Amino acid sequence: MRAVKRYRVVTFGCQMNAHDSERIKGMLEEIGLGEAPSPDAADVVVFNTCTIREKPDTKLAAYLGDAGARKRENPDMVIAVGGCFAEAQRERIFSLYPQVDVAFGPGTIAHLAEWLGAGGFGAARGAWGTGDERAFAATLPMHRERGFQAWVQISMGCNSVCSYCIVPAVRGREASRRPGEVLAEVARLAGEGVREVTLLGQNVNSYGRDLGTDFAQLLRAVDAIDGVERVRFTSPHPKDFRRPVIEAMAECAAVCEHAHLPLQSGSTRVLKAMRRTYSRERYLKLVDEMRAAVPDLALTTDLIVGFPGETEDDFRETLSAVEEVGFDSAFTFVYSPRAGTEAVAMAEQVPDDVKRDRIERLVEVVQRVAAERNALRVGRIEEVLVEGASRTDATLLRGRTRRNTTVNFTGTAGAGDLVDVCIERATSTTLAGIQAEAARRLRIPTSAGTTGSQKLKTRYVKTARTAAASGTPVQESANGSSASTAPAPPSGSVRRVSA
Ligand code: SAM
Ligand code: SF4
């Protein structure tokens, strides 16, 4: 009898890829493979790749080098490469990396089992995965890391034409998933104990245009599903962030007070060359509208330095935009030329040393602003969804606020619990505190009037909904529907990403 084969999936890149990897793992388990603790111990290694910048390509080359060496010792080992890099290198992937057995693009995961054969035996060598028609992977088995959080894909592809970006070339035109399918998946997840869902798409705010619906309607429908306590979404494009979505964010109890709103550059001139189709002024006006509607809103962003033609003055406009908006955190990228994009052929490519200098200066400002904003949370009580033990201190718990800030805290809760935490300290990336019940037991005073208002709002609205369904009248609690009027504050991580 053949032994059970073991797989390892190595994921690069964005949340969309991480979600695709959950499907890949689910499929591999369904065809009889078990998960290996590391790529070294695996019979089947799947690299789910990203090609947004050069760095992931370089990292993949190193991983494939190691995997190739192991395959020379164990020729039965199967190496599969999926995702955006595979799609971008479709014509030459097997000549670039002869050790690769199977390659496939994003959106064709459904066929993985056919390519690998039953139990992972009999993979066709040097084969581009067939089944080129893109499809939502919704009906595929899934291996989720956490029982109480889930990603839900609402669209695939992208119709924007950002001049630096390879995504439209590798993920194709935008296609929305039918609302009924999305809602059925969320309801099923809620039934399985999921409390937080994150709706995923390259541009969630253009969702539904191909189906005669829109993102605001979807957001409201997801919010109405019982059991879902938190709804997040990523990423919206500022050009499509319209009033109905802002209103849905303000009115839907489960929709979290956080938006990841990629700015890319603070210079209108550079934004134009990037083909982002909004100006600095329009972005700032949007921020004002969002904060007026959702007073405790956290804003995070993506920023690129060193785009072709970016002058020192343009760059300073990015620095001043970070200050003016007061981002809670930002992913900061060094512009990376990608073959096949419009920007790669632009004159005035910025020298590497200038890019390096700018990213360092940008990270400094982003960190300072994030630290200032996080400091505003000290003394407040935040609702935290517990994710497990702290990564740095096993005696502490770790979780996230509704505003998506990581909190390390002393407490007794279990993973998946929603608890109140008194915030005592802050850095540019995390908050620290003590579970409110423990604080009360120890009689530690906490600032009055700075409670987790959104949680109360959630509880009130959810209770009202349940009561309405059962015909029971509900009394609004004294502070039940009040949103905090504190200045939009801080959270989040500052991640520096280089080319
Ligand atoms: N669709 C999302 C959006 O528009 O916000 C995310 C796209 S991409 C996966 C995430 C981020 O990568 C972008 O927002 C951009 O800041 C960055 N990025 C994309 N192409 C890049 C490039 N060629 N060089 C550096 N950063 C890039
Ligand atoms: Fe790329 Fe722009 Fe589409 Fe985002 S919106 S995936 S940056 S083309």
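Is Gln 153 buried or exposed? Gln 153 has a relative accessibility of 10%, and buried means under 20%, so it counts as buried. Keep in mind as we go that this is a predicted model.

Let's stay with that residue for a moment. You'll find Gln 153 in strand E7, which covers residues 149-153. Who keeps it company? Setting aside the neighbours within four places in sequence, Gln 153 is in contact with Met 16, His 19, Phe 136, Arg 177, Val 182 and Leu 200. There is a polar partner too: a polar atom of the Gln 153 side chain sits 3.2 Å from the backbone oxygen of Ser 155.

Now zoom out to the whole chain. The protein has 15 helices and 20 strands. Of its 499 residues, 55% are buried. The accessible surface comes to about 20,800 Å², and carbon and sulfur atoms account for 52% of that. Here is another way to look at the fold: take the contacts between residues at least 6 apart in sequence, and 74% of them join residues at least 24 apart.

What about the inside? In soluble globular proteins, nonpolar side chains tend to be buried together. In this model, the largest nonpolar core has 67 residues, and Leu 199, Phe 215 and Leu 219 have the most contacts inside it. Helix H13, residues 352-375, gives the most to this core, with six residues. A separate core lies apart from it and has 19 residues, including Val 10, Ala 36, Ala 67 and Ile 79.

Pick out Leu 219 in your viewer to see what surrounds one of those well-connected core residues. Leaving out neighbours within four places in sequence, Leu 219 is in contact with Leu 199, Val 231, Phe 233, Val 245, Ala 248, Met 249, Cys 252 and Val 255.

A buried residue doesn't have to be nonpolar, though, and Glu 382 is a charged example. Glu 382 lies in strand E15, residues 381-389. Its relative accessibility is 7%, so it counts as buried. Beyond the neighbours within four places in sequence, Glu 382 is in contact with Arg 377, Thr 401, Val 419, Asp 420, Val 421 and Ile 423.

Next, the ligands. Which residues are closest to ligand 1? Gln 202, Pro 262, Gln 264, Asp 302 and Ser 336 are the closest of the 15 residues that surround it. Some of these come with distances you can check on screen. A backbone N or O atom of Gln 202 is 2.7 Å from a nitrogen atom of ligand 1. For Gln 264, a polar atom of the side chain lies 2.7 Å from an oxygen atom of the ligand. Ser 336 uses a polar backbone atom, which is 2.8 Å from a nitrogen atom of ligand 1. Taken alone, ligand 1 exposes 560 Å², and the protein buries 90% of that. Strands E13 (298-305) and E14 (329-334) are the elements that give two or more residues to the shell around ligand 1. By type, that shell divides into seven nonpolar, four polar and four charged residues.

Ligand 2 has its own surroundings: Cys 158, Ser 160, Cys 162, Tyr 164, Cys 165, Val 167, Pro 168, Gln 202, His 237 and Arg 276. This shell splits into six nonpolar, three polar and one charged residue. Did you spot a familiar name? Gln 202 is listed around ligand 2, and Gln 202 is also among the closest residues to ligand 1.

Let's finish with some backbone oddities. Most residues other than glycine have a negative phi, and most peptide bonds are trans. Against that background, where is the cis peptide bond? The bond from Thr 234 to Ser 235 is cis, with omega near -5 degrees. Ser 235 sits in the loop between strand E11 (230-234) and helix H9 (243-251).

Two more unusual spots share another loop. Arg 275, in the loop between helix H10 (268-274) and helix H11 (280-293), has a positive phi of about 60 degrees although it is not a glycine. Thr 277 is found in the loop between H10 and H11 as well, and its phi is also positive, at about 65 degrees. How much of each residue is accessible? Arg 275 is partly exposed, with a relative accessible area of 40%, while Thr 277 is exposed, at 52%.

How values were computed: Residues numbered from 1 in each chain as written. Chains lettered and ligands numbered in written order. Predicted model: local features only at pLDDT ≥ 70, side-chain atom pairs only at ≥ 80, totals over all residues. Heavy atoms only, no water. Helix = DSSP H or I, 4+ residues; strand = E, 2+ residues; numbered from the N terminus. Buried < 20%, exposed > 50% of the residue type's maximum accessible area, 1.4 Å probe, protein only. Contact = heavy atoms within 4.5 Å. Areas by Shrake-Rupley, 256 points an atom, 1.4 Å probe, with all protein chains shown as cover. Near = heavy atom within 4 Å. Core = buried A, V, L, I, M, F, W, Y, C linked by side-chain atoms within 4.5 Å. Polar contact = N/O pair within 3.5 Å; in protein donor to acceptor, adjacent residues only side chain to side chain.
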